[in-house]
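Student: I am new to this structure and would like a close look at a single part. Could you take me through the sheet and whatever lies against it?

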Amino acid sequence: DYLRVGGENVSTRVVETAIRTHPSVSEAAVVGARNTLGHDELVAHLVLRDGATLDNTEFFRFCNQALPYFMVPRFLVLQQELPKTATLRIEKYRLQEAGLARAIDRQQLGIVLNR
């Protein structure tokens, strides 16, 4: 999957791979959400490891160190589990359908990315 973010093509697989290196993250899926201008914003859906906690600010800073600024997700959604098919493929369309009701917005946290 590729999304167009800020004029750049972004591979969701690359972003997911980097996010999964975070010590608290067990599973990750990245999808797009349209902003008010009609452009894609990255939404990271995460399942944490058993007993792990996640500091939202620290997570976004971790992403900013591991990824180029345009690949850092704007939104974070913590999940108990990711929806999967019988063959264990993540059903990303279901994540997109869920919307951003429970999402944590990096911009509302006041996090400024290093370029």
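Student: Which strands does helix H2 lie across, and at about what angle does helix H2 run to E5?

Tutor: Bear in mind throughout that this is a predicted model. Helix H2, made of residues 56–66, lies across E4, E5 and E6, and its direction is at about 120° to E5. The strands it crosses belong to an open sheet of 4 strands, arranged in the order E3-E4-E5-E6 with mixed pairing. At the edges stand strand E3 (25–34) and strand E6 (104–105), each of which has a single partner strand, so one side of each is left without a neighbour in the sheet. Helix H1, residues 12–19, also packs on the sheet, where it touches E3 and E4, and its direction makes about 145° with that of E3. Within the sheet, strand E4 (residues 40–48) and strand E5 (residues 75–79) run parallel and are joined by 5 bridges, and His45 stands opposite Val77 in E5.

Turning to the aromatic rings, the count comes to 2 aromatic pairs. One of them is formed by Phe59 and Phe60, which meet edge-to-face, with 5.5 Å from centre to centre and 65° between the planes; both Phe59 and Phe60 are buried. In the pair of Tyr69 and Phe70, the ring centres are 5.6 Å apart and the planes are at 90°, so this pair is edge-to-face, the cut-off for that class being over 60 degrees. Tyr69 itself is partly exposed, with a relative accessible area of 31%.

Conventions
Residues are numbered from 1 along each chain as its sequence is written. This is a predicted model: local features need pLDDT of at least 70, side-chain atom pairs count only at pLDDT 80 or more; totals for chains, interfaces and linings use all residues. Side-chain values use heavy atoms; hydrogens and water are left out. Rings of Phe, Tyr and Trp (its six-membered ring) pair if their centres lie within 6.5 Å; planes under 30 degrees apart count as stacked, over 60 as edge-to-face and the rest as tilted. Buried means under 20% relative accessible area, exposed over 50%, partly exposed in between (1.4 Å probe, protein chains only). Two strands pair if DSSP finds at least two bridges between them. Helices (H or I, at least four residues) and strands (E, at least two) are DSSP runs, numbered from the N terminus. Contact means heavy atoms within 4.5 Å. Axes are lines fitted to C-alpha atoms, for helices over the stretch in contact, and angles run from 0 to 180 degrees between N-to-C directions.
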